[in-house]
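Biologist: Please take a close look at the charged side-chain pairs in this model, and then go on to the other parts that you can describe with care.

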Amino acid sequence: MQQQRVIVVGGGLAGLAAVVRIAEAGIPVDLFSMVPVKRSHSVCAQGGINACNEVARQQGYSEYQHFDETIYGGDYLADQGPVLEMANFAPKVIDLLDRMGVPFNRTGEGQRDLRLFGGSLFKRTHFAGATTGQQLLYALDEQTRRHEAAGLVKKYEFWEFLWPVIEGEVHGLEGDGRCVGIVAQDMRTMQIRAFRGAAVVMATGGCGLVFGKSTNSVICTGGAASRCYQAGAWYGNGEMIQVHPTAIPGADKCRLMSESARGEGGRVWVPQKKGDDRTPADIPENERWYFLEERYPKYGNLVPRDIATREIFDVCVNDGMGIGGQNQVYLDLTHKDPEYLTRKLGGIMEIYEKFAGEDPRHAPMRIFPAVHYSMGGVWTQFTPGTYEPEQPWHEHKPGMAPPIDSEVGRGMRVGAPNNMMTNIPGLYAFGEVNFAFHGATRLGANALLSCIFDGLFSGQSVASYVTQESPAERPIDQVDQSIYDHVVQQEQAKVDRLLDTVEGAEPADDTNPYLIGREMGQEMEAACTVVKTDQRLRQCLDKLAELRERYGRARLPDPAAWTNQSLSYSRAVGDMLILAEMIAKCSLLREESRGSHYRLDFPDRDDERFLKTTVAAFDATKGGVEQHSVEYRPVQTDLVKPRPRTYGKVEKEPAEPAGAASRGAEPVSA
Ligand SMILES: Cc1cc2nc3c(=O)[nH]c(=O)nc-3n(C[C@H](O)[C@H](O)[C@H](O)COP(=O)(O)OP(=O)(O)OC[C@H]3O[C@@H](n4cnc5c(N)ncnc54)[C@H](O)[C@@H]3O)c2cc1C
């Protein structure tokens, strides 16, 4: 009998951390990625990664505070056990990464330096300049190569995951519904083949491209998540999409200006006088409107992203107060020492200068919100840990002694085989593609943590499943080959159908997959992001139905039999349309406002009806929007009691005459 192998799809931080952990358990891993793993989207991450450390602890911070902030930030929609475990585990993640050689910024005394980030009054974000993701990814890549050299890891770069292989899915064949491998395509030769795997970890990142222009990379289509969804995996909280407040709008995409800019003192403002066309340097302090500092004196510019985004949107779109009447506000760092900015934020200073043509050390940046992250994702489960307070804890106030210790296993049981397993046995979801950790809003610098935590902590659960559960009893090499052949044929048929549509001339507009994709993005951005309403969401669902009909007639522009990228993208457009429809439907059904999901027609949080996880399941036997059946499952709230999420907002006063008074001219120390 061959040794059981595990498949990891995705070579970003979540995928590589999983590979390292599973290989350390002595289990061979096949790693698939559409791009070289060091080009995975994680490489773009800028600002940092959250964890309590000794310096933070001396200020009164604790792992428990990190947990409480994350649950509050996510508006109580995250299950609390996994978040507690992640916060408790976080310092160990940083220690490990440090030992692997990540060049974290340090203080003069040699301690790891910390910076402020949104949703916290404490410095608890570790960083490596403003290129943190790159440093982390390269460190984990090095560890992966170590296992590769030892023969435990085999990399399949430029291979695209197409479909999970699930036993029992095929009529007339035996099986208990577990995942036993994948079908993938070599993006160079276009060969499609099946791979056996005792377990499959999906670590395929976010779905920003569903919304057209976003801060994400061009491979972040969500196609892989959609394929798992179509094959039977449930999708959790699809409607929870994060729009980041500070990005540089661009013709091709939006480039992020990391929250670290505000963490290092950046101030958001607009001129007090509508239409003021003076250069920013000519506008004196008392004629600037620092609206975040005015409305949220406690957190100032460091309110969580959904709040900052809605405020910027309100100022620009509703009040028409954007710079020069446009949808832009200033993000100003010019009051800081340029040398300090280069040291702390060099990476993003360069990006701004390159794409906007101005040096942000000397001129305020012009920014506007852009789609950034998906809190929703493939639904996963977990086994609770040992922390069981008699009553849910009240708010954990800064500086209070934590009510529990931070030992591993308090939030989730260590090595439980079902930790971060989807509803399909043997199929796991780690990293951004997983829905578990961020509820209705992710706090900045918690994503990198959740990715690495998933890999290192729940990688152990994958090893348990492989060695103790069904694959141990019925090894994967005994699975009937016909199951794999069936899925290969299914995927080959899809490719053949697309290739058959190629004709001599360019496809007409209504059948061009690139234009269908663009229209989808524009529609989703307009209807399903900052402000949603019943009417607009229904209009969006109608548009998506039209696009799905057109996609059924789509014509591929390129017949190439080698490295056909238009095939890969066109295929993904079909999968993105399904994800988009599910997101729009879930947005329509959640008749409340919570975190990033803001319904103008239901502006309040409604715990009675909606303190619940949205779970969508796909039913291919139905048509159109009926294919998505949506139900609500209870959220774990037994550790911290839900409380109103206001971030100390000071209610808006009636509008003052433009230019009348000074509005919050002094910086607020957060
Ligand atoms: C500009 C930017 C800056 C950010 N900065 C921060 C930050 O400072 N701190 C923070 O906490 N978070 C940050 N984030 C969020 C964070 O970077 C991501 O959430 C995180 O890196 C996602 O990692 P991942 O491992 O889940 O997926 P990714 O890094 O996106 O990797 C996905 C992997 O899946 C592979 N893949 C995808 N589809 C397929 C397929 N069909 N077949 C085969 N392989 C496939 C890809 O090739 C890739 O290897 C930032 C995000 C952006 C956009």
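Modeller: A salt bridge is counted here when a side-chain nitrogen of Lys or Arg lies within 4 Å of a carboxyl oxygen of Asp or Glu. In general, side chains of opposite charge can pair when their charged atoms come close. The model is a predicted one, and with that cut-off it holds 59 salt bridges.

I begin with D619 and K622, which form a salt bridge whose closest N and O atoms are 3.8 Å apart, and this pair is counted because the distance falls within the 4 Å limit. D619 is partly exposed, its relative accessibility being 25%, and K622 is also partly exposed, at 42%. Beyond single pairs, salt bridges with shared partners link D75, E239, R590, E592, R594, R605 and D607 into one network.

Two further pairs have buried partners. In one of them, the side chains of R178 and E167 meet in a salt bridge, with 2.8 Å from N to O. Both R178 and E167 sit in the loop between β7 and β8 (179–186), so their contact ties together parts that are 11 residues apart in sequence. Each of these two residues, R178 and E167, is buried.

In the other pair, E293 forms a salt bridge with R267, and the closest N and O atoms are 2.7 Å apart. E293 belongs to helix α8 (residues 291–295) and R267 to strand β14 (residues 267–271), so this salt bridge ties together parts that are 26 residues apart in sequence. With a relative accessible area of 4%, E293 counts as buried because the limit for that class is under 20%. R267 is buried as well, with a relative accessible area of 6%.

A charged residue with the opposite kind of surroundings is E142, which lies in helix α5 (residues 132–149). E142 is exposed, with a relative accessible area of 51%. The C-alpha atom of E142 is 8.7 Å from that of M100, and the two residues are 42 residues apart along the chain.

The ligand site can be described next. The ligand is surrounded by 40 residues, and the closest are S40, S42, G47, F161 and E432. By class, this shell contains 19 nonpolar, 17 polar and four charged residues. Elements that each supply at least two residues of the shell are α1 (13–24), β2 (29–33), β7 (159–166), α6 (223–230), β17 (365–374) and α11 (447–468).

Contacts with oxygen atoms of the ligand come from both backbone and side chain. G11 places a backbone N or O atom 2.8 Å from a ligand oxygen, while in S33 an N or O atom of the side chain lies 2.8 Å from a ligand oxygen. A447 brings a backbone N or O atom to 3.0 Å from an oxygen atom of the ligand. On its own the ligand has 1000 Å² of accessible area, and the protein covers 97% of that.

Finally, there is helix α16 (residues 565–589), which has 25 residues and spans 36 Å from its first C-alpha to its last, close to the 36 Å expected at 1.5 Å a residue. This helix, α16, is mostly covered, since 23 of its 25 residues are buried.

Methods. Residues numbered from 1 in each chain as written. Predicted model: local features only at pLDDT ≥ 70, side-chain atom pairs only at ≥ 80, totals over all residues. Heavy atoms only, no water. Near = heavy atom within 4 Å. Polar contact = N/O pair within 3.5 Å; in protein donor to acceptor, adjacent residues only side chain to side chain. Areas by Shrake-Rupley, 256 points an atom, 1.4 Å probe, with all protein chains shown as cover. Helix = DSSP H or I, 4+ residues; strand = E, 2+ residues; numbered from the N terminus. Nonpolar A, V, L, I, M, F, W, Y, C, P; charged D, E, K, R; others polar. Buried < 20%, exposed > 50% of the residue type's maximum accessible area, 1.4 Å probe, protein only. Expected span 1.5 Å × (residues − 1).
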